[in-house]
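Visitor: I should like to take a close look at a single part of this protein, the open sheet and the aromatic residues associated with it. Please describe that part in detail and then place it in the context of the whole chain.

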Amino acid sequence: MDQPTVSEARLLSVLDTAADGIIVIDERARILIFNKACETMFGISAADAIGQNVKLVMPTEYAADHDEYVGSYIRTGVKKIIGIGREVRGRHSDGTVFPLELSVGEAATPDGRQFIGILRDLRPRKESEARLAELQSELVHLARVSAIDEMGAAIAHELNQPLTALMLYLQAIRRAHSRGVDINTVVGDILDKAAGEAERAGHIIQRMRQFVEKRAPERHARDLDPLIDDAIDLTLLGQRHRIRIDREEGPALPPVSVDPVQIQQIVVNLVRNAIEAASVSPEPAIRISTRLKGDDVILDVQDNGPGIAPEALPKLFEAFASSKRRGMGLGLAISRTIAQNHGGDLLVDPGGHGKGACFSLVLPAFASATAVAGEGGADGADG
(Lines give C-alpha, C1' and ligand atoms only; values in the text may rest on other atoms or scores of the structure.)
Protein backbone atom coordinates (compact mmCIF):
# COMPACT_ATOMS: atom_id res chain seq x y z
CA MET A 1 0.00 0.00 0.00
CA ASP A 2 1.37 3.42 -0.95
CA GLN A 3 2.35 5.75 1.87
CA PRO A 4 0.03 8.78 2.08
CA THR A 5 1.44 12.17 1.18
CA VAL A 6 1.90 14.80 3.86
CA SER A 7 -1.35 16.54 2.89
CA GLU A 8 -3.25 13.23 2.84
CA ALA A 9 -1.85 12.29 6.25
CA ARG A 10 -2.86 15.71 7.61
CA LEU A 11 -6.38 15.28 6.20
CA LEU A 12 -6.74 11.81 7.70
CA SER A 13 -5.59 13.13 11.06
CA VAL A 14 -8.17 15.93 10.93
CA LEU A 15 -10.94 13.49 9.98
CA ASP A 16 -10.11 11.08 12.78
CA THR A 17 -9.78 13.74 15.48
CA ALA A 18 -12.95 15.64 14.52
CA ALA A 19 -15.64 15.55 17.20
CA ASP A 20 -18.38 15.56 14.55
CA GLY A 21 -19.10 12.71 12.18
CA ILE A 22 -17.83 13.23 8.62
CA ILE A 23 -19.05 11.17 5.67
CA VAL A 24 -18.02 11.65 2.06
CA ILE A 25 -20.04 9.98 -0.71
CA ASP A 26 -19.83 9.93 -4.49
CA GLU A 27 -22.51 10.57 -7.10
CA ARG A 28 -23.79 7.02 -6.67
CA ALA A 29 -24.18 7.60 -2.92
CA ARG A 30 -21.36 5.20 -2.06
CA ILE A 31 -19.43 5.98 1.13
CA LEU A 32 -15.83 7.04 0.45
CA ILE A 33 -14.84 8.37 3.89
CA PHE A 34 -16.30 7.38 7.26
CA ASN A 35 -14.39 8.91 10.17
CA LYS A 36 -13.96 7.64 13.74
CA ALA A 37 -16.75 9.87 15.10
CA CYS A 38 -19.10 8.18 12.60
CA GLU A 39 -17.93 4.76 13.77
CA THR A 40 -18.87 5.68 17.34
CA MET A 41 -22.10 7.42 16.31
CA PHE A 42 -23.47 4.59 14.15
CA GLY A 43 -21.74 1.57 15.67
CA ILE A 44 -20.25 0.61 12.28
CA SER A 45 -16.54 0.33 11.46
CA ALA A 46 -15.09 2.33 8.58
CA ALA A 47 -14.01 -0.91 6.91
CA ASP A 48 -17.63 -2.13 6.86
CA ALA A 49 -19.05 1.24 5.78
CA ILE A 50 -16.73 2.29 2.95
CA GLY A 51 -18.09 1.21 -0.41
CA GLN A 52 -21.63 0.81 0.96
CA ASN A 53 -24.57 3.04 -0.01
CA VAL A 54 -25.03 5.82 2.53
CA LYS A 55 -28.54 4.44 3.13
CA LEU A 56 -26.69 2.14 5.54
CA VAL A 57 -26.98 4.82 8.25
CA MET A 58 -30.45 6.11 7.33
CA PRO A 59 -33.87 5.15 8.67
CA THR A 60 -36.02 3.31 6.15
CA GLU A 61 -38.24 6.31 5.31
CA TYR A 62 -35.18 8.43 4.39
CA ALA A 63 -33.26 5.67 2.61
CA ALA A 64 -36.12 4.90 0.22
CA ASP A 65 -35.90 8.36 -1.39
CA HIS A 66 -32.26 9.32 -0.94
CA ASP A 67 -30.91 8.04 -4.26
CA GLU A 68 -33.66 9.90 -6.11
CA TYR A 69 -32.78 13.17 -4.35
CA VAL A 70 -29.11 12.83 -5.30
CA GLY A 71 -29.99 11.92 -8.88
CA SER A 72 -32.48 14.78 -9.10
CA TYR A 73 -29.85 17.28 -7.96
CA ILE A 74 -27.28 15.99 -10.47
CA ARG A 75 -29.84 16.24 -13.30
CA THR A 76 -31.43 19.57 -12.41
CA GLY A 77 -28.96 21.39 -10.13
CA VAL A 78 -31.79 22.25 -7.74
CA LYS A 79 -30.41 22.24 -4.18
CA LYS A 80 -32.67 21.02 -1.40
CA ILE A 81 -30.20 20.59 1.45
CA ILE A 82 -26.70 21.39 0.15
CA GLY A 83 -25.30 24.39 2.00
CA ILE A 84 -28.15 24.33 4.53
CA GLY A 85 -27.87 22.86 8.03
CA ARG A 86 -30.93 20.94 9.17
CA GLU A 87 -32.14 18.33 11.59
CA VAL A 88 -32.53 14.79 10.24
CA ARG A 89 -32.41 11.30 11.73
CA GLY A 90 -29.78 8.59 11.61
CA ARG A 91 -29.92 4.86 12.29
CA HIS A 92 -27.48 3.04 14.57
CA SER A 93 -26.40 -0.49 13.72
CA ASP A 94 -28.64 -1.77 16.56
CA GLY A 95 -31.67 -0.21 14.86
CA THR A 96 -31.94 2.83 17.14
CA VAL A 97 -33.09 5.95 15.28
CA PHE A 98 -31.74 9.21 16.71
CA PRO A 99 -31.71 12.95 15.80
CA LEU A 100 -28.80 14.45 13.90
CA GLU A 101 -27.80 17.90 12.74
CA LEU A 102 -26.61 17.58 9.13
CA SER A 103 -24.69 20.02 6.97
CA VAL A 104 -23.87 19.04 3.38
CA GLY A 105 -21.31 20.46 0.98
CA GLU A 106 -20.08 19.34 -2.44
CA ALA A 107 -16.77 19.20 -4.26
CA ALA A 108 -15.84 18.61 -7.91
CA THR A 109 -12.97 16.09 -8.14
CA PRO A 110 -11.19 14.29 -10.98
CA ASP A 111 -13.23 11.23 -9.96
CA GLY A 112 -16.54 13.11 -10.24
CA ARG A 113 -18.73 15.06 -7.89
CA GLN A 114 -18.52 14.22 -4.18
CA PHE A 115 -20.72 15.22 -1.27
CA ILE A 116 -19.41 15.88 2.24
CA GLY A 117 -21.77 15.46 5.18
CA ILE A 118 -20.92 16.77 8.66
CA LEU A 119 -23.06 15.13 11.35
CA ARG A 120 -23.64 16.05 14.97
CA ASP A 121 -25.49 13.76 17.39
CA LEU A 122 -28.32 15.84 18.86
CA ARG A 123 -29.25 13.44 21.65
CA PRO A 124 -27.21 15.24 24.36
CA ARG A 125 -28.69 18.58 23.34
CA LYS A 126 -32.22 17.17 23.19
CA GLU A 127 -31.79 15.66 26.66
CA SER A 128 -30.51 19.00 28.00
CA GLU A 129 -33.44 20.84 26.40
CA ALA A 130 -35.91 18.35 27.89
CA ARG A 131 -34.33 18.75 31.33
CA LEU A 132 -34.35 22.53 31.01
CA ALA A 133 -38.05 22.47 30.03
CA GLU A 134 -38.76 20.23 33.03
CA LEU A 135 -36.91 22.57 35.40
CA GLN A 136 -38.67 25.58 33.91
CA SER A 137 -42.02 23.86 34.41
CA GLU A 138 -41.06 23.18 38.04
CA LEU A 139 -40.17 26.85 38.54
CA VAL A 140 -43.43 28.02 36.97
CA HIS A 141 -45.33 25.70 39.32
CA LEU A 142 -43.29 26.92 42.31
CA ALA A 143 -44.20 30.50 41.46
CA ARG A 144 -47.92 29.61 41.49
CA VAL A 145 -47.58 27.92 44.87
CA SER A 146 -45.66 30.95 46.14
CA ALA A 147 -48.43 33.28 44.95
CA ILE A 148 -51.10 31.25 46.73
CA ASP A 149 -48.91 31.17 49.86
CA GLU A 150 -48.69 34.97 49.81
CA MET A 151 -52.49 35.15 49.38
CA GLY A 152 -53.04 32.51 52.08
CA ALA A 153 -54.48 34.73 54.82
CA ALA A 154 -56.89 36.49 52.45
CA ILE A 155 -58.06 33.19 50.94
CA ALA A 156 -58.49 31.63 54.39
CA HIS A 157 -60.68 34.60 55.36
CA GLU A 158 -62.72 34.22 52.16
CA LEU A 159 -63.13 30.49 52.73
CA ASN A 160 -64.07 30.99 56.36
CA GLN A 161 -67.18 32.98 55.44
CA PRO A 162 -69.19 30.20 53.71
CA LEU A 163 -67.99 27.63 56.27
CA THR A 164 -69.15 29.87 59.14
CA ALA A 165 -72.52 30.42 57.44
CA LEU A 166 -72.86 26.68 56.85
CA MET A 167 -72.18 25.98 60.52
CA LEU A 168 -74.76 28.59 61.62
CA TYR A 169 -77.45 27.11 59.35
CA LEU A 170 -76.86 23.63 60.75
CA GLN A 171 -76.90 24.97 64.31
CA ALA A 172 -80.24 26.66 63.60
CA ILE A 173 -81.73 23.32 62.52
CA ARG A 174 -80.33 21.60 65.64
CA ARG A 175 -81.76 24.30 67.97
CA ALA A 176 -85.15 24.11 66.31
CA HIS A 177 -85.12 20.32 66.64
CA SER A 178 -84.09 20.43 70.34
CA ARG A 179 -86.95 22.84 71.13
CA GLY A 180 -89.41 20.46 69.54
CA VAL A 181 -90.29 22.90 66.79
CA ASP A 182 -91.84 21.39 63.67
CA ILE A 183 -88.82 21.91 61.40
CA ASN A 184 -90.59 20.62 58.28
CA THR A 185 -91.74 24.15 57.56
CA VAL A 186 -88.26 25.72 57.63
CA VAL A 187 -85.74 22.96 57.08
CA GLY A 188 -85.99 22.99 53.26
CA ASP A 189 -85.12 26.67 52.99
CA ILE A 190 -82.29 26.42 55.53
CA LEU A 191 -80.78 23.35 53.85
CA ASP A 192 -80.89 25.10 50.46
CA LYS A 193 -78.95 28.01 51.93
CA ALA A 194 -76.49 25.62 53.61
CA ALA A 195 -75.95 23.74 50.35
CA GLY A 196 -75.30 27.05 48.58
CA GLU A 197 -72.62 27.99 51.10
CA ALA A 198 -71.02 24.53 50.85
CA GLU A 199 -70.96 24.87 47.06
CA ARG A 200 -69.37 28.31 47.37
CA ALA A 201 -66.62 26.91 49.64
CA GLY A 202 -66.07 23.98 47.31
CA HIS A 203 -65.77 26.32 44.33
CA ILE A 204 -63.06 28.37 46.09
CA ILE A 205 -61.09 25.21 46.95
CA GLN A 206 -61.48 23.84 43.41
CA ARG A 207 -60.15 27.04 41.85
CA MET A 208 -57.18 27.07 44.21
CA ARG A 209 -56.46 23.43 43.44
CA GLN A 210 -56.64 23.97 39.68
CA PHE A 211 -54.31 26.94 40.00
CA VAL A 212 -51.56 25.21 42.02
CA GLU A 213 -51.74 21.60 40.81
CA LYS A 214 -48.65 20.26 39.09
CA ARG A 215 -49.21 19.19 35.49
CA ALA A 216 -47.69 19.31 32.05
CA PRO A 217 -48.32 22.52 30.06
CA GLU A 218 -51.19 22.29 27.58
CA ARG A 219 -52.04 24.65 24.74
CA HIS A 220 -55.62 25.32 23.65
CA ALA A 221 -57.29 27.94 21.48
CA ARG A 222 -59.13 30.07 24.03
CA ASP A 223 -60.80 33.46 24.29
CA LEU A 224 -58.58 35.62 26.50
CA ASP A 225 -61.23 37.72 28.28
CA PRO A 226 -62.95 34.86 30.20
CA LEU A 227 -59.53 33.64 31.40
CA ILE A 228 -58.76 37.16 32.62
CA ASP A 229 -62.08 37.47 34.46
CA ASP A 230 -61.57 34.15 36.27
CA ALA A 231 -58.04 35.20 37.28
CA ILE A 232 -59.33 38.55 38.57
CA ASP A 233 -61.93 36.77 40.70
CA LEU A 234 -59.22 34.52 42.16
CA THR A 235 -56.98 37.50 42.90
CA LEU A 236 -59.78 39.39 44.66
CA LEU A 237 -60.60 36.55 47.08
CA GLY A 238 -60.53 38.18 50.50
CA GLN A 239 -58.78 41.26 49.09
CA ARG A 240 -58.20 43.69 51.92
CA HIS A 241 -57.42 46.77 49.83
CA ARG A 242 -60.31 49.06 48.95
CA ILE A 243 -59.88 49.52 45.24
CA ARG A 244 -61.85 50.34 42.11
CA ILE A 245 -61.34 48.03 39.15
CA ASP A 246 -62.25 49.30 35.68
CA ARG A 247 -62.61 46.38 33.29
CA GLU A 248 -62.67 47.01 29.52
CA GLU A 249 -62.98 44.23 26.94
CA GLY A 250 -61.79 44.72 23.38
CA PRO A 251 -64.39 44.07 20.67
CA ALA A 252 -64.29 40.83 18.63
CA LEU A 253 -60.88 39.65 19.78
CA PRO A 254 -59.54 36.50 18.08
CA PRO A 255 -58.68 33.48 20.27
CA VAL A 256 -55.14 32.82 21.47
CA SER A 257 -53.30 29.49 21.70
CA VAL A 258 -52.37 29.29 25.39
CA ASP A 259 -51.98 27.19 28.48
CA PRO A 260 -54.98 28.65 30.40
CA VAL A 261 -53.56 28.17 33.90
CA GLN A 262 -50.21 29.72 33.01
CA ILE A 263 -51.88 32.76 31.44
CA GLN A 264 -54.07 33.14 34.52
CA GLN A 265 -50.86 32.94 36.57
CA ILE A 266 -49.60 36.02 34.71
CA VAL A 267 -52.88 37.87 35.26
CA VAL A 268 -52.90 37.07 38.98
CA ASN A 269 -49.35 38.40 39.32
CA LEU A 270 -50.07 41.57 37.37
CA VAL A 271 -53.34 42.34 39.16
CA ARG A 272 -51.83 41.69 42.62
CA ASN A 273 -48.91 43.97 41.84
CA ALA A 274 -51.22 46.66 40.48
CA ILE A 275 -53.44 46.52 43.59
CA GLU A 276 -50.41 46.87 45.83
CA ALA A 277 -48.98 49.75 43.77
CA ALA A 278 -52.32 51.60 43.73
CA SER A 279 -52.95 51.10 47.45
CA VAL A 280 -50.85 54.18 48.29
CA SER A 281 -53.14 56.39 46.20
CA PRO A 282 -55.95 58.36 47.93
CA GLU A 283 -58.44 56.74 45.56
CA PRO A 284 -56.80 53.46 44.46
CA ALA A 285 -57.91 52.16 41.07
CA ILE A 286 -56.65 49.86 38.35
CA ARG A 287 -57.73 49.48 34.74
CA ILE A 288 -57.67 46.04 33.10
CA SER A 289 -58.31 46.12 29.37
CA THR A 290 -57.81 44.00 26.27
CA ARG A 291 -57.22 45.13 22.72
CA LEU A 292 -56.06 43.96 19.31
CA LYS A 293 -52.89 45.35 17.76
CA GLY A 294 -51.96 43.86 14.39
CA ASP A 295 -51.78 40.08 14.87
CA ASP A 296 -51.43 40.35 18.67
CA VAL A 297 -53.99 40.28 21.46
CA ILE A 298 -52.84 42.55 24.30
CA LEU A 299 -53.84 42.72 27.96
CA ASP A 300 -53.04 46.01 29.72
CA VAL A 301 -52.99 46.28 33.52
CA GLN A 302 -52.67 49.95 34.53
CA ASP A 303 -52.56 51.20 38.12
CA ASN A 304 -52.81 54.76 39.46
CA GLY A 305 -49.86 54.40 41.82
CA PRO A 306 -46.64 56.42 41.73
CA GLY A 307 -45.04 54.42 38.91
CA ILE A 308 -41.84 52.37 38.97
CA ALA A 309 -38.67 54.02 40.23
CA PRO A 310 -35.95 54.30 37.52
CA GLU A 311 -33.43 52.43 39.69
CA ALA A 312 -35.82 49.46 39.99
CA LEU A 313 -36.33 49.03 36.23
CA PRO A 314 -33.11 47.13 35.33
CA LYS A 315 -33.93 44.26 37.72
CA LEU A 316 -37.70 44.37 37.37
CA PHE A 317 -37.93 41.05 35.52
CA GLU A 318 -35.11 39.27 37.36
CA ALA A 319 -35.95 36.33 39.63
CA PHE A 320 -35.33 36.74 43.37
CA ALA A 321 -34.82 40.49 42.99
CA SER A 322 -38.03 41.49 44.78
CA SER A 323 -37.94 44.17 47.47
CA LYS A 324 -41.11 42.81 49.10
CA ARG A 325 -40.85 41.31 52.56
CA ARG A 326 -42.96 38.32 51.52
CA GLY A 327 -42.64 36.13 48.46
CA MET A 328 -39.73 34.90 46.38
CA GLY A 329 -39.55 37.59 43.71
CA LEU A 330 -40.53 35.12 40.99
CA GLY A 331 -43.75 36.72 39.78
CA LEU A 332 -42.65 39.06 36.98
CA ALA A 333 -39.65 36.93 35.95
CA ILE A 334 -41.82 33.84 35.52
CA SER A 335 -44.60 35.85 33.90
CA ARG A 336 -42.27 37.17 31.19
CA THR A 337 -40.86 33.65 30.63
CA ILE A 338 -44.38 32.24 30.20
CA ALA A 339 -45.31 35.03 27.79
CA GLN A 340 -42.20 34.49 25.67
CA ASN A 341 -42.75 30.72 25.64
CA HIS A 342 -46.16 31.50 24.13
CA GLY A 343 -44.53 33.52 21.35
CA GLY A 344 -45.40 36.83 23.01
CA ASP A 345 -43.86 39.12 25.61
CA LEU A 346 -44.48 41.05 28.81
CA LEU A 347 -43.74 44.76 28.48
CA VAL A 348 -43.88 47.65 30.93
CA ASP A 349 -44.46 51.39 30.77
CA PRO A 350 -42.99 52.48 34.12
CA GLY A 351 -45.09 55.62 34.40
CA GLY A 352 -44.02 58.16 37.01
CA HIS A 353 -44.63 61.92 37.27
CA GLY A 354 -48.20 61.35 38.37
CA LYS A 355 -48.84 58.36 36.14
CA GLY A 356 -49.02 54.75 37.32
CA ALA A 357 -47.25 51.82 35.72
CA CYS A 358 -48.82 49.80 32.93
CA PHE A 359 -47.87 46.17 32.21
CA SER A 360 -48.83 44.75 28.81
CA LEU A 361 -49.10 41.03 28.11
CA VAL A 362 -48.70 40.46 24.36
CA LEU A 363 -49.93 37.16 22.87
CA PRO A 364 -50.09 36.22 19.18
CA ALA A 365 -53.58 35.57 17.86
CA PHE A 366 -54.32 31.89 17.26
CA ALA A 367 -54.24 32.10 13.46
CA SER A 368 -50.84 33.85 13.38
CA ALA A 369 -49.43 31.51 16.03
CA THR A 370 -50.40 28.53 13.90
CA ALA A 371 -48.80 30.07 10.82
CA VAL A 372 -45.51 30.68 12.64
CA ALA A 373 -45.46 27.08 13.87
CA GLY A 374 -46.12 25.83 10.35
CA GLU A 375 -43.20 27.80 8.93
CA GLY A 376 -40.83 25.84 11.15
CA GLY A 377 -41.68 22.50 9.57
CA ALA A 378 -38.94 20.62 7.71
CA ASP A 379 -38.94 18.23 4.79
CA GLY A 380 -37.44 15.31 6.60
CA ALA A 381 -35.75 13.44 3.77
CA ASP A 382 -34.39 16.02 1.36
CA GLY A 383 -30.78 14.95 0.83
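Guide: The model is a predicted one. Within it, strand β1, residues 21-26, pairs with β2 in the antiparallel sense, over three bridges. One residue pairing can be named here: I23 has F34, in β2, as its bridge partner. In general terms, the strands of a sheet pair through backbone hydrogen bonds, in either a parallel or an antiparallel manner.

The two strands belong to an open sheet of five strands, whose order is β2-β1-β5-β4-β3 and whose pairing is antiparallel. The edges are occupied by β2 (31-34) and β3 (86-91); each has a single partner strand, so one side of each is left without a neighbour in the sheet. From one strand to the next, the twist averages 35°.

F34 leads from the sheet to the aromatic residues. Its side is not an open one in terms of solvent: F34 is buried, with a relative accessible area of 4%. The count of aromatic pairs comes to three. In one of them, the rings of F34 and F42 have centres 6.2 Å apart and planes at 40°, so the pair is tilted. F42 is likewise buried, at a relative accessible area of 1%. Ring pairs link F34 and F42 with F98 into a cluster.

Another aromatic pair is formed by F317 and F359; this one is edge-to-face, with 6.4 Å from centre to centre and 75° between the planes. F317 lies in the loop between β10 and α10, and F359 in strand β12, so the pair ties together parts that are 42 residues apart in sequence. Both F317 and F359 are buried.

F359 also has a place in the largest nonpolar core, which has 41 residues; F359 and L361 are those with the most contacts inside it. Elements that give two or more residues to this core include α7 (187-212), α9 (260-278), β9 (285-293), β10 (296-303) and β12 (358-364). The largest share, nine residues, comes from α9. Leaving aside neighbours within four places in sequence, F359 is in contact with residues including L270, L299, V301, I308, F317 and L332. Apart from this core lies another, of 21 residues, with C38, I44, A46 and A49 among them.

As to the whole, the secondary structure of the protein chain comes to 11 helices and 12 strands. Of its 383 residues, 38% count as buried. Among contacts between residues at least 6 apart in sequence, 62% join residues at least 24 apart.

Key:
Residues are numbered from 1 along each chain as its sequence is written. This is a predicted model: local features need pLDDT of at least 70, side-chain atom pairs count only at pLDDT 80 or more; totals for chains, interfaces and linings use all residues. Side-chain values use heavy atoms; hydrogens and water are left out. A nonpolar core is a set of buried Ala, Val, Leu, Ile, Met, Phe, Trp, Tyr and Cys residues joined through side-chain atoms within 4.5 Å. Buried means under 20% relative accessible area, exposed over 50%, partly exposed in between (1.4 Å probe, protein chains only). Helices (H or I, at least four residues) and strands (E, at least two) are DSSP runs, numbered from the N terminus. Contact means heavy atoms within 4.5 Å. Two strands pair if DSSP finds at least two bridges between them. Axes are lines fitted to C-alpha atoms, for helices over the stretch in contact, and angles run from 0 to 180 degrees between N-to-C directions. Rings of Phe, Tyr and Trp (its six-membered ring) pair if their centres lie within 6.5 Å; planes under 30 degrees apart count as stacked, over 60 as edge-to-face and the rest as tilted.
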